Structure formats: C-alpha cells, structure tokens
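This briefing introduces a structure to a reader who has not met it before. Please look over the sequence and the model before going on to the points below.

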Amino acid sequence: MFSGIARRYDLLNHVLSGNTDKRWRRKVRALLEDILAHENAVVLDVACGTGDLSIELKTNAKARVIGSDFCHPMLAVAREKTERIPWIEGDALAMPFGDESFNAVTIAFGLRNLANFRDGLVELRRILKPGGRLVVLEFSSPVVPGFRQAFNFYFTRVLPRIGGIVSGDRGAYEYLPDSVSKFPDQKALAALMRECGFDDVEYRNLTGGIAAIHTGLRSAAA
Ligand SMILES: C[S@@+](CC[C@H](N)C(=O)[O-])C[C@H]1O[C@@H](n2cnc3c(N)ncnc32)[C@H](O)[C@@H]1O
C-alpha cells in the first residue's frame, strides 16, 4: 500500500494535517534532545517512511541517526531528500540489528501498521540499549467530546475523499481511520508498553488527543 502512495505521501501528510504533522515531529525531537546532543549516541527511526522524522531528529544532532523501513519506494523518497542519513531496508518485526544497539528508538505512525503491536514493541525493546528510550508518535483518541465528533467526521468522511483524489488510492486513506480505530487508545497503549517490559511509561496528548506521544525506558537493570 505504501509503495503505491510513496510519491504523494508527504504532500498528503502536510495538506491533510494542515502542517500539524511537522509540529508533532518537532516534539519528538525535543524529547530526545539530550541523547541527540551526544556524538557517541545512535538513534534509530523505525518505519521511517519518507524520512521526515529521521531528518527532523538529525537537525543539529551530534548523534548518529539511522532510518529503517521495509518499503523500498518510501525509502527511495527519503534517500532523495538526503544521503546524510543511512536508510536501511528492514522489517520492524524482525529488524536487521543486534540486541542492545541503540540509545533511542522512534516510531512515528508506524506501530499501528504492524501485524502485531505487541511483537513490534518487544522487538523495539530488544534493540534498545539498557537505559535507552523509546518514543512512539501515533494517532490516538481525541479526548474532548465535541471536538472528537467533529474530528471523526473529518477523519472518516472528508480525509479519505481528499486522500483518494490526490493519491489515486482511496483505499489507503480509508485504511487510515480504520487502522486507528483498531489501535489501542492512550491508556491501553501505555499499558501494553509496560507489559512489553518498558518502564517509566508516560504519554502526552497532541492536538486534543488526535495523536499522542508515548515514551518508555528500557531499564538498565532489566
Ligand atoms: C504512515 S507511514 C509513517 C512514515 C513515517 N514514520 C512518518 O512519520 O511519516 C508508515 C510506514 O510504516 C512502514 N511499515 C509498515 N509496516 C512495517 C514493517 N513491518 N516494517 C517496517 N516498516 C513498516 C510503511 O512502509 C510506511 O513507510
């Protein structure tokens, strides 16, 4: 599905979110500022797609940033944007990286697309160094009642039409709200992260809960 929409993916992200996606990615970077400032640190952006979060992370960073995704056409778009970042093809459920490799791992709008969220989180934890941090940016559940209804109307009725016209694949933009409806809400995702062995799990809502950022730690002791 992502192969088919790769060339229009960025444009649609910015149009459909009114550029809010850029602000959300900057918040992820802000949460990792301390790690990104270290030249010996290595940060992996999983399911990086066309690379916007990886590039945001690399901005002013001394740390090494790597992007990984299993969709070749999405990575091709990322590679056209910059070759300063290594773009590595790999499945998030069986990543081509050794245990305890990264100081931080990010996944933006990717976890929801995995065939099994729990297996994905276990795999993300495997490649984190003890003391390393996971940051998940994902669509979530709007928390303000009136706003929730208005957003759901936009998300399920308006967005698939615009997405379909611009990308030529309406199915991909019907899949988006459908997959979000099957994804755990803020509290359930936090609980799942704890079950998968993450400590100090916290989340913050973005734009009234349309999206959320969850963070978790792979404890040094575990
Ligand atoms: C909605 S896009 C998000 C891309 C990017 N992170 C962003 O914020 O724009 C989802 C990405 O997840 C990737 N993806 C889905 N399942 C995957 C898997 N099992 N392994 C690696 N990448 C996967 C897709 O190829 C796609 O590029």
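Which helix gives the most residues to the shell around the ligand? In this predicted model, that helix is α1, spanning residues 2–17, which contributes three residues to the shell. The points below turn to the ligand and its surroundings, and then to two residues with positive phi values.

**The shell around the ligand**
- The ligand is surrounded by 18 residues, and the closest are Tyr 9, Arg 25, Ala 47, Asp 69 and Ala 92.
- By character, the residues of this shell divide into 11 nonpolar, four polar and three charged.
- The space that the ligand takes up is the largest pocket.

**Polar contacts and burial of the ligand**
- A nitrogen atom of the ligand is 2.8 Å from an N or O atom in the side chain of Asp 91.
- Backbone atoms also take part, since a nitrogen atom of the ligand is 2.7 Å from a polar backbone atom of Ala 92, and a nitrogen atom of the ligand is 2.8 Å from a polar backbone atom of Ala 108.
- Taken alone, the ligand exposes 590 Å², of which the protein buries 96%.

**Two residues with positive phi**
- Asn 60, in the loop between α4 (52–58) and β2 (64–69), has a phi near 65°, a positive value in a residue other than glycine, and Asn 60 is exposed, with a relative accessible area of 74%.
- Phe 109, in the loop between β4 (102–108) and α6 (117–127), has a positive phi of about 55° although it is not a glycine, and Phe 109 is buried, with a relative accessible area of 10%.

Methods:
Residues numbered from 1 in each chain as written. Predicted model: local features only at pLDDT ≥ 70, side-chain atom pairs only at ≥ 80, totals over all residues. Heavy atoms only, no water. Near = heavy atom within 4 Å. Polar contact = N/O pair within 3.5 Å; in protein donor to acceptor, adjacent residues only side chain to side chain. Areas by Shrake-Rupley, 256 points an atom, 1.4 Å probe, with all protein chains shown as cover. 1 Å grid on protein atoms, 1.4 Å probe; cavity = no way out; pocket = protein on both sides within 12 Å on 5 of 7 lines; lining within 4 Å. Sits in = over half its atoms within 2 Å of the grid points. Helix = DSSP H or I, 4+ residues; strand = E, 2+ residues; numbered from the N terminus. Nonpolar A, V, L, I, M, F, W, Y, C, P; charged D, E, K, R; others polar. Buried < 20%, exposed > 50% of the residue type's maximum accessible area, 1.4 Å probe, protein only.
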